[in-house]
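Thanks for making the time this morning. I would like to walk you through the side-chain contacts of one chain, and then through one of its pockets.

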Amino acid sequence: MSVTDAGGDKRIFLRKASGLIRTASGTDTFIYNLGVVSIGLGVGSMLYYGPAFYPQGDLIWGCVLAGFAMALIAFGFITWTITLPRSGGIYVFGSRILPPALALTMSLVEITAWLFYCAIAAYWIVTLALAPMFAALNLLTGNETFLAISETMLEPWATFLIGAAILVLSQVILSYGMRFYLTINKWVFVLAMASSAFLLITLAMYTREDFVSHLNALVGPALNVPDAYNAIIASGKENGWGGGDPTVWQTILVSNWPFLPLVGAAFSIAIGGEIKSVGKSQTVAMLGAVLIATVVWIATVWLAYKVFGFEFLGTAVYNAVLGTGITTPTDPSVALLTGILTQSPLITVLTSLGLALWMWMWIPAMHTFGVRAVVAWSFDRVAPAPLAKISETYHTPLVAITVTTIFNLICMALFVFTPWFSKIVILIEAAVLAWSVVLLAGVFFPYKRPELYEKSPLAGKTVFGLPIMTVGCFLGFLAAQFYFWTLFFDPNAAGHDPTQVAIVVGVFVIGLAFYYVMKMIRRSQGIDVTLAFKEIPIE
């Protein structure tokens, strides 16, 4: 592509306009964020890991703490996205104040995590929703065909093929444009929210006595014990699971599990240039997603404790993960336990499919995040020009979507067929670190780049005499750092396993190398890529 426009003037950006259009309403943006939060997946992971590995952690207060922290992070990103309302995630923000090589590297770390989680979500749809659904149907009906289907789906090749098909479906949907994707997203959201409401109603209609009697009747014969409920609890305690009064530290650690999905509440920073009324829409979408998810989680956890019992939830999963003691014949997920509670194959199917829908909402949304980042790189000429090619028909970057889909499929294969990513949450830990760096940069943005900040609607708005962006980003930085370190010191959630840390460091190195290689290539073409970082990104 020529480095000059039709009039012969040097062009700083790849072209004069991005080609992306403002199609997302405030409602679309809210659904986008809450879909990435994934209420159903959050419930499933919290009830699975919380009681089992944090027996002295108060999960309800953990939800409150995580919600408060994420609201602060969202506040910081709201000020960023109002100041620079463009698509591309933290790259757009960081590249206008940080050293460009660092900004690109932070962005690469971030989107590597999110694209990898597209593959994880596809994997979980198979392993945490569909396969357990068929296993539960076998338990409830005695039909061995269901068990055979479940076991087949958990074979590595079958898991990969099903997951790959799900990832390709995301590519197809995104290729038809944001308007098409957002329309589908609304319908999926309605069904997913209905499943969460259905779970709440179901739990509210039953008692602990109902669950104990149904569990003993269904699971007792398989375990050869008449009182399976109390036998599982006793077995877990013998194996080392121990409860006790909640402690502050354990409550902080268990709050990692609601915080991890809550990071999705800020994902609309990826599509800032495609949102109508960006200030109002982003504010309502981010803070609204945090609030709704936190309230639903608190209600669901309270009801689950009331019906299933904290000790049972903890010991059943503890025994299952350790592979010792006695537990349910199949993984004690919330979908299985709800099926046992109701003794209804239909409710089991509805609960499992609802969980699958919530997981699905991760995939195209996270995929979009990665796509918009690489497109923004290309606009600034630090990535190959074809990545920013926009379809005139669908106003969507088809090349970037295809490239990121290939990356998703590679991640899927690595996760299914290799042991390298056993501590998958460490990638979110790295992304949270990248977020904190950009939020810290936002503290100084009004002072370091006043020529850009003064063009923002936030110019002149202060809190205690300081620019509102400075205050918001500082609070967000503190919250992001808090959760980076709690994740760092929590081996159950993320930790700092040397192999996993080496993978993250490798991504940092690749990012730095990529920037300097592209800078040399552009210099040989007579293009100074640093000029773009002095301007507001194109719209």
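**Charged pairs, aromatic rings and a pocket**

Let me start with D28 and K186, whose side chains meet in a salt bridge with 3.3 Å from N to O. Please keep in mind throughout that this is a predicted model. The D28–K186 pair links distant parts of the chain, since D28 sits in helix α1, residues 26-37, while K186 sits in helix α8, residues 178-205, and the two are 158 residues apart. As for their surroundings, D28 is buried, with a relative accessible area of 7%, whereas K186, at 36%, counts as partly exposed.

How many salt bridges are there by this rule? The count comes to five, and I will describe two others among them. One is formed by the side chains of E311 and K237, which meet at 3.0 Å, again N to O. Here E311 belongs to helix α14, residues 310-322, and K237 to helix α10, residues 228-238, so this contact ties together parts of the chain that are 74 residues apart in sequence. E311 is partly exposed at 35% relative accessibility, and K237 is also partly exposed, its relative accessible area being 41%.

The other is the salt bridge between R449 and E451, where the closest N and O atoms are 2.7 Å apart. R449 counts as buried, because its relative accessibility of 12% falls under the 20% limit, while E451, at 40%, counts as partly exposed.

Let me turn now to the aromatic rings. The structure holds 38 aromatic pairs, and one of them joins W377 and F514, with 6.1 Å centre to centre and 50° between the planes, which makes the pair tilted. W377 lies in helix α16, residues 345-379, and F514 in helix α21, residues 498-524, so the pair ties together parts that are 137 residues apart in sequence. Is W377 buried or exposed? With a relative accessible area of 5%, W377 is buried, whereas F514 counts as partly exposed at 30%.

Another pair is made by Y515 and Y516, whose ring centres are 5.1 Å apart; their planes stand at 80°, so the pair is edge-to-face. Of these two tyrosines, Y515 counts as buried at 2% relative accessibility, and Y516 is partly exposed, with a relative accessible area of 46%.

Beyond individual pairs, there is an aromatic cluster to point out on the screen: F77, W80, F93, W114, F267, F369, W435 and F445 form one such cluster.

Finally, the pocket. The second largest pocket has a volume of about 530 Å³, and its lining is made up of 23 residues, of which L108, I111, T112, F407 and I510 lie nearest the pocket centre. Which elements give two or more residues to this lining? They are α5, residues 100-141, together with α16, α17, residues 398-417, and α21. Two of these names have come up already, since α16 is the helix that holds W377 and α21 the helix that holds F514. As to chemical character, the residues of this lining divide into 20 nonpolar and three polar, with no charged residue among them.

Technical notes
Residues numbered from 1 in each chain as written. Predicted model: local features only at pLDDT ≥ 70, side-chain atom pairs only at ≥ 80, totals over all residues. Heavy atoms only, no water. Phe/Tyr/Trp six-rings, centres within 6.5 Å; stacked < 30°, edge-to-face > 60°. Helix = DSSP H or I, 4+ residues; strand = E, 2+ residues; numbered from the N terminus. Buried < 20%, exposed > 50% of the residue type's maximum accessible area, 1.4 Å probe, protein only. 1 Å grid on protein atoms, 1.4 Å probe; cavity = no way out; pocket = protein on both sides within 12 Å on 5 of 7 lines; lining within 4 Å. Points joined across faces, edges and corners; volume = space filled by probe spheres on them. Nonpolar A, V, L, I, M, F, W, Y, C, P; charged D, E, K, R; others polar. Salt bridge = Lys/Arg side-chain N within 4 Å of Asp/Glu carboxyl O.
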